[in-house]
Amino acid sequence: MEKKFASQADLAEKKISFVQLGEGAYAYTAEGDPNTGIVIGDDSVMVIDTQATPVMAQDVIRRIREVTDKPIKYVVMSHYHAVRVLGASAYRADHIIASQDTYELIVERGEADMKSEIERFPRLFQSVESIPGLTWPTLVFKDALTLWMGKREVKILQLGRGHTRGDTVVWLPKEKTLFSGDLVEYGATPYAGDAYLQDWPKTLDRLRALRPEKLVPGRGDALVTPGQVEAGLKGTQDFVTQMFASVRAGAQTGKPLRDIYKDTYSSLKPKFGTWVIFDHCMPFDVSRAYDEATQYPDPRIWTAQRDKELWTALEG
Ligand SMILES: [Zn+2]
């Protein structure tokens, strides 16, 4: 049977968890759907990734209001992808924080990415009409930004390219808690359509060097012991490394993309095939890996039309 495009067959609602990681730190997770992180300081609240729409964000706000009445002052974008950032307006935050690279990616491809992701994820965008437009950062940093939320130190760090060029993590140094965005996934397939696959494993080493004891991945359950954190880091690293190696080997022997896709899909399926969105991600991941292994150092812009053409070429 033909596979439905991207996540168009994924229509079952997910169960949401709101997990306390420590004093004033929470993870909003949903069985492999995009996660949101929450940090509560002395005087305000920070939200890390917003959910796909303002309507979805309202449920995050409801959970936050069960634990604090402090104002939500900060939204951090771990990267530019629509499913993570287009709910931002719901929080009415004073500041939307992003890396300079993420800002530039929104300028360059935000509009195309929004249209592409709305087609890919109909369930996440079922309240698409509540989105007022692209989410624009109001505070843009390079490399690192330290924010004191009262006595609580929050480090906003760009540690290297991986899932995108602008990947940003939020690090609580005292609590050793890391919010990784899509640089790390757990029980969910890493999406690599906009990735730098040769850099990604090295960037994960830099995350590991922080020695996090708790980690909220981009998708999947919150990781609450050093052993679970390492499993998340290693699983992501293994997937990215093996996927790229398989595609590069195929490209070097001059195989057509469709054959490389079939080979890579079969070789990764036994180990990673149970991770959510495996079938959704694989065509985009293999396509980007092929580009990086051949003639495109930077990811090409996905449009709704390019998405469908690729799907037909690889799955049709
Ligand atoms: Zn992403």
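Is Thr 36 buried or exposed? With a relative accessibility of 1%, Thr 36 counts as buried, because anything under 20% falls in that class. Keep in mind as you read on that this is a predicted model.

## Overall build

Let's start with the whole chain. The protein has eight helices and 12 strands. Its radius of gyration is 18 Å, close to the 20 Å that the globule rule gives for 316 residues, so the protein is as compact as a globular protein of that length. Along the principal axes, the C-alpha atoms fill a box of roughly 60 × 40 × 35 Å.

Contacts across the sequence add to this picture. Counting contacts with a separation of 6 or more, 69% join residues that are 24 or more positions apart.

## Inside and surface

Of the 316 residues in the protein, 55% are buried. The accessible surface comes to about 12900 Å², and carbon and sulfur atoms account for 52% of that area.

The charges are worth a look too. The protein carries 40 positive and 44 negative charges, and the mean positions of these two sets are 2 Å apart.

## Around Thr 36

Back to the residue we opened with. Thr 36 belongs to strand 3, which covers residues 33–40. Its side chain makes a polar contact with the side chain of Gln 51, at 2.9 Å.

Gln 51 is also one of the residues in contact with Thr 36 once neighbours within four places in sequence are set aside. Tyr 26, Ala 27 and Tyr 28 are on that list, as are Val 47, Ile 48, Asp 49 and Thr 50. Val 60 completes the set of contacts.

## Two loop residues with positive phi

Which residue in the loop between strand 2 and strand 3 should you look at? Glu 31 sits there, with strand 2 spanning 25–30. Although Glu 31 is not a glycine, it has a positive phi of about 50 degrees. The relative accessible area of Glu 31 is 42%, so this residue is classed as partly exposed, between the 20% and 50% cut-offs.

Arg 92 is another non-glycine residue with a positive phi, again of about 50 degrees. You will find Arg 92 in the loop that links helix 2 (82–85) and strand 6 (95–99). At 74% relative accessibility, Arg 92 counts as exposed, because its value is over 50%.

Definitions and conventions: Residues numbered from 1 in each chain as written. Predicted model: local features only at pLDDT ≥ 70, side-chain atom pairs only at ≥ 80, totals over all residues. Heavy atoms only, no water. Helix = DSSP H or I, 4+ residues; strand = E, 2+ residues; numbered from the N terminus. Rg over C-alpha atoms; globule rule 2.2 N^0.38 Å. Buried < 20%, exposed > 50% of the residue type's maximum accessible area, 1.4 Å probe, protein only. Contact = heavy atoms within 4.5 Å. Areas by Shrake-Rupley, 256 points an atom, 1.4 Å probe, with all protein chains shown as cover. Lys, Arg positive; Asp, Glu negative; His and termini not counted. Charge placed at Lys NZ, Arg CZ, Asp CG, Glu CD. Polar contact = N/O pair within 3.5 Å; in protein donor to acceptor, adjacent residues only side chain to side chain.
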